[in-house]
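The following questions and answers set computed values against their definitions. Please consider the structure first.

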Amino acid sequence: MTGLYVPGSGPLHRIPAGPKLLALLVVGAALVVAAHHWLAVGALGAALVLYPVVGLPPRHAFGVLRALWPFLLAIGVFQTLFGDWQTALRLCAQLAALVLLANAVTLTTRVGEMLGLFERLARPLRRVGANPDRVALVLALTVRSIPMVLVAWRTAREGYVARGLSGRPYLLVVPVIVQLLRMADATGEALVARGIDEETRRQG
């Protein structure tokens, strides 16, 4: 499934979470600042090549693109109609490249390692009364929610196709929202069952 850790010993697996996230941030900032459509296309090509190079099955990259294509299509059509094709190409390529790169990071980084990094980064917030453990948990859940959205979209689309519907993509909106709410509710119940929210309950 997209966004879940894939055990392996490739180059990205051996790099700690911190440098990988920093590199992702630098690449994203460079693409936005440069704002050039051919550079964005080059980054997309590099992101696609990255998967087999670091030992990740190409199906993970294609799975991301399969889930993204309706959004890319909508962005491309809108920007072409109300702007220009260069901007449309740049935005679509930037989005696809960054999602692919972010997915590669999550595929090669254990959740525990990511959580530990977020906790260390959040330690200075203790001075203003924040709980670093809770901040790290929120950030980790945010990262984990990205593949959850893709799974919800895929599930809704499969049901859409199974019912023989076509030409009305707006019908996917409600099923996706319902699926995400169910996932969020299940996650909340799991956290409460493990005592994560016990302190908040006592304070209330």
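Q: What makes the largest set of 15 residues a nonpolar core?
A: A nonpolar core is a set of buried Ala, Val, Leu, Ile, Met, Phe, Trp, Tyr and Cys residues joined through side-chain atoms within 4.5 Å, where buried means under 20% relative accessible area, exposed over 50% and partly exposed in between (1.4 Å probe, protein chains only). In this predicted model, the largest such core has 15 residues, and Tyr51, Leu56, Leu72, Leu100 and Ala104 have the most contacts inside it. Helices α3, α4 (58-82) and α5 (85-107) each supply at least two of its residues, and α5 gives the most, with 6. Helices are DSSP runs (H or I, at least four residues), numbered from the N terminus.

Q: Which residues does leucine 56 touch?
A: Contact means heavy atoms within 4.5 Å. Leaving out residues up to four places away in sequence, leucine 56 touches Val6, His13, Tyr51, Ala104, Leu107 and Thr108.

Q: Why is alanine 35 called partly exposed?
A: Its relative accessibility is 38%, and therefore alanine 35 counts as partly exposed. This alanine lies in the loop between α2 (17-34) and α3 (37-53).

Q: Which element has the lowest mean pLDDT?
A: The pLDDT is the predictor's confidence in each residue, from 0 to 100. Helix α9 (residues 198-203) has the lowest mean, 46, and α3 the highest, 93. Over residues 199-204 the pLDDT is below 50. Where pLDDT is low, the predicted coordinates should not be read in detail.

Residues are numbered from 1 along each chain as its sequence is written. Local features need pLDDT of at least 70, side-chain atom pairs count only at pLDDT 80 or more, totals for chains, interfaces and linings use all residues, and side-chain values use heavy atoms, without hydrogens and water.
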